[in-house]
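Me: I have a structure open and would like to learn how to read it. Could you go through some features with me?

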Amino acid sequence: MAIPFIDLGAQRERIGAAIEAGVKRVLDHGAYIMGPEVKRFEADLASFAQSKHALSCANGTDAIELILLALGVGEGDAVFVPSFTFVATAEVVPMTRAEPVFVDIDAKTYNIDPVKLEAAIEVVIKEGRLKPAAIIAVDLFGQPADYPAIAKIAEKYGLPVVSDAAQGFGGTIDGKQSLNWAKATATSFYPAKPLGCYGDGGAVVTNDEALLDRLISYRVHGGATAADAANFAHEAKYLNVRIGMNSRLDTIQAAVLVEKLAIFAEEIELRQAVARRYNAGLEGFVTSVPYVKAGFISTWAQYTIEHENRDGLQAALRDKGIPSAVYYPIPLHQQPGYAAFTSGPRDLSVSEAKSKTVISLPFSPYLSAETQDEIISAVKAFA
Ligand SMILES: Cc1ncc(COP(=O)(O)O)c(C=O)c1O
C-alpha cells in the first residue's frame, strides 16, 4: 500500500463512527450555519486552549486577519512576520492595508528570531515611514515560537503579539499554550493540520473581552456589537458599523471537530513518540533532525529534516514510493507578490539558506513502526 504523506485514514478508522453520528445529527436538525455544534465546539476549544473565549471561523487565514482587524491594524502600520512561513501569515497584512515587515528566523527552531525581531522594529522606527503595530509569531512545523522572549520585546515597544498557531495549536512551553503570552491565537483546521476537520475551518482564542466583541463583529459582515447597537431596535447584524467579512465555521465541520478535539491531547502524545523514533533513526545520517527547545512541546505538524542535497533526497524517496514535501522552497521576502514590501533589515539569509535544505517526511500519530522503518531506511540509504 502506498505510504500517505499525512495519514488521515488511521484516525478515521478509530473515531469514524462517532464523527458520522455527529454529522448525521446535523443533517437531522438542519442548522447548517451556526448550529448548536458550533457553540459546543467553541466551548470545548476554549477549555482545551486554557482561554476564556474561542471563536470559530472559516479557515486559519481568516483567523489571523480577523485578529489584525479587531486590533485596529491598518494603513501606515508595520506588522512583523517571519519570512520563513506559509504565505497566509503575511498575506493577511496587506488585506488590512498595513505592510508586512519580514524578519529572519532562528537556524535551529525555524521560528522568528527574537534578536532580529527587535532589530527590525528599530529599523522600521528609524525609517520613519511605518508605525510598528503588531508582531505575528508562527509555530513553524508545530514548535511554539519563543513567546517568552518575543513578549518581552513586544512589551518594550507596546506591541500586541498575535500567535499564528495554524501548525502548532496545542503546543506548549512549560505547560502553557501561546495565549499565555499572546493577545490572541489563531489556528487552522485544514484537514492535514494536527487538529483538522473534513474541509476548511479555523478559530481564534483570546482572553480579551473587548477584542472578542470586535472579532464577532468582523466575522459576520461587521455587524454591531452590543455596545454599537445600544439604540438600534432591529437585529444587530443589520447595523453594519465596520467593513467585515463572512467567515463562519460550518456546523458539520464543528461536529467533526468535537470528536477530533476529544482525542487531540492523546494524539499530541502519540506524535512525540513518532518524532522520537524518527530522531533516533536519522540522527547522524542527515544534516539535521528537528531541534525542540527544552520545556517546549511541538505538535509535529511536520517532521522536517535538513539535507545538503535535499532535491536528490526527495527524488530518491520518490523512486521508492515515499512522499515528502518542501516547506518552503521560497521565503516570503523573495516571493514576487511581496516584492513591494522592503521595510526593515534585508538580511534574511537564514530563511534563504533553510529554503534550500529542508524536507518534511511522512508523519501521523498513527505511523506504524514498520512504515517508519521503511522511510528511515530509505533516507539512510541515500545519506
Ligand atoms: C503557518 C500557517 N498560517 C496560516 C495558515 C492558513 O490556514 P488555512 O489554510 O486554514 O487558511 C496555514 C495553513 O496552511 C499555516 O501553515
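Me: Which residues are buried in helix α10?

Reply: Before that, a word on what you are looking at. This is a predicted model, where local features need pLDDT of at least 70, side-chain atom pairs count only at pLDDT 80 or more, and totals for chains, interfaces and linings use all residues. Residues are numbered from 1 along each chain as its sequence is written, and side-chain values use heavy atoms, with hydrogens and water left out. Buried means under 20% relative accessible area, exposed over 50%, and partly exposed in between (1.4 Å probe, protein chains only). Helices (H or I, at least four residues) and strands (E, at least two) are DSSP runs, numbered from the N terminus. In α10, which spans residues 310-319, the buried ones are Arg310, Gly312, Leu313, Gln314 and Leu317.

Me: What covers the buried residues of α10?

Reply: Look for contacts, meaning heavy atoms within 4.5 Å. The cover includes the strands β10 (303-306) and β11 (358-361), along with the helices α11 (349-357) and α12 (369-382).

Me: Where is Ser355, and what does it touch?

Reply: Ser355 belongs to helix α11. Leaving aside neighbours within four places in sequence, Ser355 is in contact with Phe84, Arg310, Val326, Tyr328, Pro329, Ile330 and Pro331. One of these, Arg310, is among the buried residues of α10.

Me: Why does Ser355 count as buried?

Reply: Ser355 counts as buried because its relative accessibility is 3%. A polar atom of its side chain also lies 2.7 Å from the backbone oxygen of Glu352. For a polar contact we want a pair of N or O atoms within 3.5 Å; within protein, one must be able to donate a hydrogen and the other to accept it, and residues adjacent in sequence count only if both atoms are side-chain atoms.

Me: Now the ligand: how many residues surround it, and which are the closest?

Reply: A residue is near a molecule if one of its heavy atoms lies within 4 Å of it. Here 15 residues surround the ligand, and the closest are Gly60, Thr61, Asp164, Ser188 and Lys193. Helix α3 (60-71) and helix α4 (88-95) each supply at least two residues of this shell, and α3 gives the most, with three.

Me: Which atoms of the ligand do Thr61, Ser188 and Asp164 approach?

Reply: For Thr61, a polar side-chain atom lies 2.5 Å from an oxygen atom of the ligand. Ser188 likewise has a polar side-chain atom 2.7 Å from a ligand oxygen. With Asp164, an N or O atom in the side chain is 2.8 Å from a nitrogen atom of the ligand.

Me: Backbone angles puzzle me. What is the phi of Trp300?

Reply: Here is the general idea: most residues other than glycine have a negative phi, and most peptide bonds are trans. Trp300 has a positive phi, near 55°, and is not a glycine. This residue lies in the loop between β9 (296-297) and β10, and Trp300 counts as buried, at 6% relative accessibility. His221 also has a positive phi, of about 60°, without being a glycine. His221 sits in the loop between α7 (209-219) and α8 (251-262) and, at 42% relative accessibility, counts as partly exposed.

Me: And is the peptide bond from Tyr327 to Tyr328 cis or trans?

Reply: That bond is cis, with omega near 5°. You can find Tyr328 in the loop between α10 and α11.
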